[in-house]
Amino acid sequence: MDWGALILFFVAAFAAASAGGIFKPGTWYEGLNHPPWRPPNWVFPVVWAPLFCMIAVSGYLVQQAAGWSGAGLALTIYFLHLGVNWAWSAVFFGMRRIDLALAEVGLLWLAIVATMALFFPISATAGWLLVPYLAWVSFAAYYNLVMLRLNPQTGRSAA
């Protein structure tokens with residue numbers, strides 16, 4: 001086991017996760033209109049923590065299977081997708097732009113699909129590890145859409 005590579009993938013995944021700690025929901029988010037099926041706030045870290053672990057392991061498995069050069073494109077897309085993941089919290093909670101966050105989560109969804117498409121030929125396990133992540137981001141995209149419909153004023157201003 002290459003502990004250095006594994007640690008690198010965990011650091012990268014949890015760097016993406018750090019956006020949730022930097023851009024917190026706060027009173028602005030609580031003051032928005034929410035659908036009745038809104039998950040309780042405690043659900044989000046409970047879901048995201050294992051997802052980020054699976055994201056880290058998936059990247060590690062691909063790197064181990066093909067090496068840095070052999071999986072260059074796949075790993076480039078993987079690391080770029082982590083940046084896109086980080087940006088959603090910055091846009092939604094930081095900028096308070098639910099409309100832009102909806103476009104951003106669509107980009108994230110596509111980036112996850114691209115990562116999976118590149119991972120599956122190298123390591124089926126790595127690809128399958130991203131399926132729950134894609135499912136959760138699909139739910140998040142729908143939730144983002146509903147939040148925009150319930151709060152159309154958030155599409156124009158950060159205040």
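The protein's secondary structure comes to eight helices and zero strands. Read along the sequence, the pattern is α-α-α-α-α-α-α-α. The model is a predicted one. Its largest pocket has a volume of about 650 Å³. Two residues, asparagine 85 in helix 5 and glutamate 104 in helix 6, get a closer look below.

**Overall form**

- The protein has 159 residues and a radius of gyration of 16 Å, which agrees with the value near 15 Å for a compact globule with that number of residues.
- Taken along the principal axes, the C-alpha atoms fill a box of roughly 50 × 25 × 25 Å.
- Of the 159 residues, 42% count as buried.
- The accessible surface comes to about 7,800 Å². Carbon and sulfur atoms hold 73% of that surface.
- Among contacts with a separation of 6 or more, 79% join residues 24 or more positions apart.

**The largest pocket**

- This pocket has a volume of about 650 Å³. It is lined by 29 residues.
- Closest to the pocket's centre are Phe44, Trp48, Trp88, Ser89 and Phe93.
- The lining has 23 nonpolar residues, five polar residues and one charged residue.
- Six helices each supply at least two residues of the lining: helix 1 (3–17), helix 2 (19–22), helix 4 (43–70), helix 5 (72–94), helix 6 (98–119) and helix 8 (131–150).

**Asparagine 85**

- Asparagine 85 is found in helix 5.
- Its relative accessibility is 8%, so asparagine 85 counts as buried. The cut-off for buried is under 20%.
- Beyond its neighbours within four places in sequence, asparagine 85 is in contact with Ala16, Trp48, Phe52, Glu104, Leu108 and Tyr133.
- One of these contacts, Trp48, is also among the residues closest to the centre of the largest pocket.

**Glutamate 104**

- Glutamate 104 is found in helix 6.
- Glutamate 104 counts as buried because its relative accessibility is 9%.
- Leaving aside neighbours within four places in sequence, glutamate 104 is in contact with Val84, Asn85, Ala87 and Trp88.
- The contact with Asn85 links glutamate 104 to the asparagine described above.
- Trp88, another contact of glutamate 104, is among the residues closest to the centre of the largest pocket.
- Alanine 87 is 17 residues away from glutamate 104 along the chain, and their C-alpha atoms are separated by 7.7 Å.

Notes. Residues numbered from 1 in each chain as written. Predicted model: local features only at pLDDT ≥ 70, side-chain atom pairs only at ≥ 80, totals over all residues. Heavy atoms only, no water. 1 Å grid on protein atoms, 1.4 Å probe; cavity = no way out; pocket = protein on both sides within 12 Å on 5 of 7 lines; lining within 4 Å. Points joined across faces, edges and corners; volume = space filled by probe spheres on them. Helix = DSSP H or I, 4+ residues; strand = E, 2+ residues; numbered from the N terminus. Nonpolar A, V, L, I, M, F, W, Y, C, P; charged D, E, K, R; others polar. Rg over C-alpha atoms; globule rule 2.2 N^0.38 Å. Buried < 20%, exposed > 50% of the residue type's maximum accessible area, 1.4 Å probe, protein only. Contact = heavy atoms within 4.5 Å. Areas by Shrake-Rupley, 256 points an atom, 1.4 Å probe, with all protein chains shown as cover.
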